[in-house]
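Reader: I have a structure to go through and no idea where to start. Can we take it step by step?

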Amino acid sequence: SNEHDLANLVLGSARLYTLMQQAGGGAEQAGMWLEWRAQLLRVTQARMGSCGPQALANIAHGLSQLPGPQPDPSWQHAFTVAAQQLLPACRPQALALLAGATVRLGISVSEASSGHQQGSWGWLLLGQVRSRLLEFGPDDLADVGLA
C-alpha cells in the first residue's frame with residue numbers, strides 16, 4: 001500500500017544516511033540531507049492520517065534517524081493525533097518504535113489533546129507501554145529505551 005511504500009522510503013533513507021556516515025562520507029552532503037528530511041516531513045505530515053500502526057511507527061523511526069531539527073509543532077500535532085488513534089492497535093514492535101522515535105524526535109510528550117495531563121501523548125504512550133510490557137521482546141525494549 002502507499003503508506004508502506006512511504007514508510008519504506010523513509011526507512012531506506014535512514015539506512016542510506018547511516019551507511020554513508022559509516023563510510024566516512026556525508027559531511028559535504030549535510031545540506032542535502034536536511035532538505036530531504038524536510039521534504040519527508042512535509043509528505044508524511046500530509047499522509048499520517050491514512051497510516052496503520054506499523055507504517056506510522058516505521059516513518060517516525062526512520063525520520064528520527066536522519067539529521068535535522070525537531071519537527072515543527074504542526075507535524076508533532078499531526079503525529080500525536082494519528083498515533084493516539086492507533087495506540088490500541090499497535091503490536092509491541094510498533095509501540096516500541098513509536099516510543100523511541102518520540103524521544104529521539106523531541107516530540108512533546110505533554111501535548112494534551114483533552115487539556116489535562118492524563119490526556120497527554122506521553123501519558124497515553126507510557127500507559128500502553130506499561131500495560132503491555134510483558135509482550136515486549138529484548139529488541140522492543142531496546143527500541144523503547146528501557147533496556
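Author: We will go from the overall fold to single residues and then to the largest pocket. One thing to keep in mind is that this is a predicted model.

Reader: Ok. How many helices and strands does the protein have?

Author: The count is seven helices and zero strands. Along the sequence, that reads as α-α-α-α-α-α-α.

Reader: What share of the residues is buried?

Author: Of 147 residues, 41% count as buried. The accessible surface of the protein is about 7,700 Å², and carbon and sulfur atoms hold 57% of that.

Reader: And the contacts, what share join residues at least 24 apart?

Author: If you take contacts between residues at least 6 apart in sequence, 74% of them join residues at least 24 apart.

Reader: Give me an example. Where is Leu11?

Author: Leu11 sits in helix H1, which covers residues 2–22. Setting aside neighbours within four places in sequence, Leu11 is in contact with Asn58, His61 and Gly62. There is also Leu63, which lies 52 residues away along the chain, with 7.6 Å between its C-alpha atom and that of Leu11.

Reader: Why does Leu11 count as buried?

Author: Its relative accessibility is 11%, and buried means under 20%.

Reader: You mentioned Asn58. Which helix is that in?

Author: Asn58 belongs to helix H3, residues 53–65. Beyond residues up to four places away in sequence, Asn58 touches Ala7, Leu11 and Leu97.

Reader: Is Asn58 buried or exposed?

Author: Buried, because its relative accessibility is 14%.

Reader: What else is in helix H3?

Author: Ser64 is one of its residues. Ser64 counts as buried too, at 13% relative accessibility. Apart from neighbours within four places in sequence, Ser64 is in contact with Ala101, Arg104 and Leu105. Its C-alpha atom is 9.8 Å from that of Arg37, and the two residues are 27 apart along the chain.

Reader: Now Leu41. What does it touch?

Author: Not counting residues up to four places away in sequence, Leu41 touches Leu63, Pro71 and Trp75. Leu41 itself is in helix H2, residues 30–47. With a relative accessible area of 13%, Leu41 is buried. The C-alpha atoms of Leu41 and Ile59 are 9.5 Å apart, with their positions 18 residues apart along the chain.

Reader: Changing topic. How many disulfides are there?

Author: Zero, in a search of the whole structure.

Reader: What about Cys51, buried or exposed?

Author: Cys51 is buried, at 6% relative accessibility. Cys90 is buried as well, at 2%.

Reader: Last topic, pockets. How does anyone find empty space in a model?

Author: You roll a probe the size of a water molecule over the atoms, and that shows where empty space is left.

Reader: What volume does the largest pocket have?

Author: About 180 Å³. It is lined by 11 residues, and the closest to its centre are Ala99, Gly122, Leu125, Leu126 and Val129.

Reader: Which elements give two or more residues to that lining?

Author: Helix H5 (92–105) and helix H6 (121–131).

Reader: And how many of the lining residues are nonpolar, polar or charged?

Author: Eight are nonpolar and three are polar, with no charged residues in the lining.

Key: Residues are numbered from 1 along each chain as its sequence is written. This is a predicted model: local features need pLDDT of at least 70, side-chain atom pairs count only at pLDDT 80 or more; totals for chains, interfaces and linings use all residues. Side-chain values use heavy atoms; hydrogens and water are left out. On a 1 Å grid over the protein atoms alone, a cavity is a set of points where a 1.4 Å probe fits but cannot get out, and a pocket is an open set with protein on both sides within 12 Å along at least five of seven lines; lining residues have an atom within 4 Å of a point. Grid points are joined across faces, edges and corners, and a volume is the space filled by probe spheres set on the points. Helices (H or I, at least four residues) and strands (E, at least two) are DSSP runs, numbered from the N terminus. Ala, Val, Leu, Ile, Met, Phe, Trp, Tyr, Cys and Pro count as nonpolar, Asp, Glu, Lys and Arg as charged, and the others, Gly among them, as polar. Buried means under 20% relative accessible area, exposed over 50%, partly exposed in between (1.4 Å probe, protein chains only). Contact means heavy atoms within 4.5 Å. Accessible areas come from the Shrake-Rupley method with a 1.4 Å probe; for residues, only the protein chains shown count as cover. A disulfide is a pair of cysteine sulfur atoms within 2.5 Å.
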